[in-house]
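Please look over the structure below with its ligand in view, and then follow the paragraphs, which begin at the ligand and end in the strands.

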Amino acid sequence: MAAQLLDGKKIAAQIRAEIREEVAQFVGRHDVVPCLAAVLVGDDPASGVYVRNKQRDCRQVGIESRLEHLPADTSAPQLCSVVASMNGDPSVHGILVQLPLPAQIAPASVLDVLDPRKDVDAFHPENMGRIAEGRPRFLPCTPHGIQQLLHRCDIPVAGRHVVIVGRSQIVGKPLALMLLARDSTCGPQVANATVTVCHSRTPQLAMMTRQADILVAAVGRAGLITAEMVRPGATVVDVGINRTDAGLVGDVDFEAVRQVAGYLTPVPGGVGPLTRAMLLYNTLTAARAQVAEKIR
Ligand SMILES: NC(=O)c1ccc[n+]([C@@H]2O[C@H](COP(=O)([O-])OP(=O)(O)OC[C@H]3O[C@@H](n4cnc5c(N)ncnc54)[C@H](OP(=O)(O)O)[C@@H]3O)[C@@H](O)[C@H]2O)c1
């Protein structure tokens, strides 16, 4: 029987509706509108689309969005000074620096000046450290979106073997920490996993992935995960986004894996919409924390 597809678009719409309601309550209670400020450096078309989509998402749920668009030859000190002024602006609750940055700017140099309380991507070392310690302030949007997806599709994680292919700072590594934790925003059933992380130096990748109850592919290589690499009935979460002549595809050989897996996320329409929804969640979380800090 073909795998059941996990509809990320539908679940993201549910989450946005919940956030819209919570934003309205927050504004009514505090007379403060949550605000996300994005910084875009250069004219990369894909980054421009991502930022515009995020701004549209904000408008839909009642979050204010601002955009600072800087030229491609912006220097690291210039970008840091823009971020520093956003840090000091009390009407800005979340700051997002769209990646990738031009070659002359090391992302770490910008993260170092970003106020961790406004770091709604959760990439700042302090926020990563808090996740590792099991007391997160924010959760990175893609891993958190995956947890929400599993939770809302009634796919338990606790006690199961999750194999993650990819160890990046934004997906694989934080997801591993979050699924290893004792609890999650969705409760302990979406944590407490046994986690294996694979990467480009992992020998016998197929032998590892075939052991997965839940397999997450976050690599950026079209078709890397073939049907032979999937245990029959496993849940397969495809994070990859690859632009090919055939259009946008994930890391999973979709048609073949669909015949083997129990559940499968499509690309597009799987993890991507959830990533965007969780950015709104983090912006509201940041606004709540900053208002509470002022009241104290
Ligand atoms: N859907 C979404 O919302 C969303 C969000 C973020 C990213 N993405 C997509 O997810 C993909 C991964 O993104 P990322 O930022 O995590 O990528 P990344 O930083 O490039 O990391 C890729 C990871 O894959 C590993 N890898 C590369 N080739 C491999 C192979 N043949 N076998 C096993 N592992 C291999 C790399 O190993 P090494 O560490 O050894 O190099 C690395 O750990 C990309 O397609 C990206 O566009 C989607």
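**The ligand and two paired strands**

In this predicted model, the largest share of the shell around the ligand is contributed by helix α10 (residues 271-295), which supplies three residues. Altogether 21 residues surround the ligand, and the closest are Arg167, Ser168, Ser200, Ile241 and Thr275. When the shell is sorted by class, ten of its residues are nonpolar, nine are polar and two are charged.

Several pairs of atoms show how the protein meets the ligand. Arg167 places a polar side-chain atom 2.7 Å from an oxygen atom of the ligand, and a polar side-chain atom of Ser200 lies 2.6 Å from an oxygen atom of the ligand. Val239, by contrast, takes part through its backbone, with an N or O atom 3.3 Å from a nitrogen atom of the ligand. The ligand taken alone would expose 920 Å², of which the protein buries 71%.

Turning from the ligand to the strands, one can start with strand β4 (residues 94-97), where Gly94 and Leu96 point one way while Ile95 and Val97 point the other way, and all of these residues are buried. Such a pattern fits a general rule, because in a regular strand the side chains alternate between the two faces of the sheet. Which strand pairs with β4 in the parallel sense? The partner is strand β2 (residues 35-41), and the pairing runs over four bridges. Within these strands, Leu96 in β4 has Ala38 standing opposite, and Leu96 is also one of the buried residues of β4.

Conventions:
Residues are numbered from 1 along each chain as its sequence is written. This is a predicted model: local features need pLDDT of at least 70, side-chain atom pairs count only at pLDDT 80 or more; totals for chains, interfaces and linings use all residues. Side-chain values use heavy atoms; hydrogens and water are left out. A residue is near a molecule or strand if one of its heavy atoms lies within 4 Å of it. A polar contact is a pair of N or O atoms within 3.5 Å; within protein, one must be able to donate a hydrogen and the other to accept it, and residues adjacent in sequence count only if both atoms are side-chain atoms. Accessible areas come from the Shrake-Rupley method with a 1.4 Å probe; for residues, only the protein chains shown count as cover. Helices (H or I, at least four residues) and strands (E, at least two) are DSSP runs, numbered from the N terminus. Ala, Val, Leu, Ile, Met, Phe, Trp, Tyr, Cys and Pro count as nonpolar, Asp, Glu, Lys and Arg as charged, and the others, Gly among them, as polar. Buried means under 20% relative accessible area, exposed over 50%, partly exposed in between (1.4 Å probe, protein chains only). Two strands pair if DSSP finds at least two bridges between them.
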